[in-house]
Amino acid sequence: MTCAEATRSFAPVRTVWRELLERLPWSSIFMTPEWQEAWWDEFGQADELRLIVVGPADAPLGLAPLQLSEGRITFVGGMDLFDYHDFIAPDPAFYGELFDCLDGEPWKEMELSSVPEWSPTFTQLPQAALEHGCTVTIEEEDVVPGVTLPESWDSYLAGLRKKDRHELRRKLRRLETAGDVRVRLVDAGTLERDLLLFREVMAESREEKSEFLIPEREAFFRRVTARMQEEGSLRLFLLEIDDDPAAAAVLAFDYGGRRLLYNSGYRHAYDHLAAGLMLKALCIKDAIENGLTYFDLLRGAEHYKYHLGAVDGRIHRIVVKR
């Protein structure tokens, strides 16, 4: 049997999904059933869910988390809340078998967004599509800058460009003398209250972030952060200065030895301290001290990322037509 299971509910495939994730050489928190189900519950009900386990039931090749709408197949999840998409496919035979599984589905076009260049999907999915008589186009979608973390903070600083290293040290010294300065990692007991603080600081930092926080996205944030706190992945950092409990905030997730900086904000009253940038730098320091190997600054080419030593990776959009 080519397709062990095709389901329209997350529950029947959660166990095999997690098992397949453990076999991948690389994965992301966006590829977990917890993240995708949280998104689906808030945003996905207008489309048809297709969670396809490819391969025999006793030895699955992979899983395709897809949704179908008016003849168009996409990954579960939108680009506004997912920085990466991919198949959960540790076996390269998955890609050819996938198209056999999709033969019975009423699709004309498959649009796969945010596929990283280092994923097997980037090379093997187009090849399998061509072998099944489809046409394929690939375009670069965005950059995903990140920092490979050394074993020590001093080594990290030494790896920065001279000007960036000097500026970072200078700004950290200025922050340290600004008053009673603390970085607090939020725990489960204060999560609900601190998420409100995070929302407030994020909205204040930039107008587009305030506009981004529509009620549905706020509901998603509450749902996914609570779940990732249970899983031990959530890292919500607040920069406290004197009596201000949140001069800046960073929402990050630790997964697979990496820290992903998902969103952030700062109060303009602390612009002179570069509070937002300094908290990000201190999050990198914390990641190094906790033995993580990569600090992923995710989608977008904002200048601050390169001042922190980031190097671009790339994500792509793959469009397949029958």
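Good morning. The largest cavity in this structure holds about 50 Å³ of space. I should say at once that we are looking at a predicted model.

Let me stay with that cavity for a moment. How many cavities of 30 Å³ or more does the count give? The count comes to one. Its lining brings together Trp26, Ser27, Ser28 and Ile29 with Tyr84, Tyr255, Arg258, Leu260 and Asp296. By class, the lining of this largest cavity has five nonpolar, two polar and two charged residues.

I turn now to the pockets. The largest pocket has a volume of about 610 Å³. It is lined by 28 residues, and those closest to its centre are Arg206, Lys209, Tyr262, Asn263 and Glu302. Which elements give two or more residues to this lining? They are the helices α7 (191-205), α8 (207-212), α10 (275-289) and α11 (303-307), together with the strand β11 (258-266). Of these, β11 gives the most to the lining of the largest pocket, namely six residues. The lining of the largest pocket divides into 12 nonpolar, six polar and 10 charged residues.

The second largest pocket has a volume of about 240 Å³. Its lining consists of 14 residues, and nearest its centre lie Leu195, Leu196, Glu218, Phe221 and Arg222. Two or more residues of this lining come from each of α7 and α9 (215-231). Here the largest share belongs to α7, with seven residues. In the lining of the second largest pocket, nine residues are nonpolar, one is polar and four are charged. Please note that α7 appears among the elements lining the largest pocket and also among those lining the second largest pocket.

My last topic is a pair of helices. As a general point, two packed helices are described by the angle between their axes and by the distance between those axes. Helix α1, residues 14-23, packs with helix α2, residues 33-43, at an angle of about 135°, and their axes are 10 Å apart. Why are α1 and α2 called oblique to each other? An angle over 145 degrees would count as roughly antiparallel, and one of 65 to 115 as roughly perpendicular; the angle of about 135° falls in neither range, and α1 and α2 are therefore oblique. On the α1 side, the contact is made by Arg14, Trp17, Arg18 and Leu21, and on the α2 side by Pro33, Glu34, Gln36 and Glu37. By class, this contact of α1 with α2 has four charged, three nonpolar and one polar residue.

Thank you for your attention.

Notes: Residues numbered from 1 in each chain as written. Predicted model: local features only at pLDDT ≥ 70, side-chain atom pairs only at ≥ 80, totals over all residues. Heavy atoms only, no water. Axes fitted to C-alpha atoms, helices over the stretch in contact; angles between N-to-C directions. Helix = DSSP H or I, 4+ residues; strand = E, 2+ residues; numbered from the N terminus. Parallel < 35°, antiparallel > 145°, perpendicular 65-115°, else oblique. Contact = heavy atoms within 4.5 Å. Nonpolar A, V, L, I, M, F, W, Y, C, P; charged D, E, K, R; others polar. 1 Å grid on protein atoms, 1.4 Å probe; cavity = no way out; pocket = protein on both sides within 12 Å on 5 of 7 lines; lining within 4 Å. Points joined across faces, edges and corners; volume = space filled by probe spheres on them.
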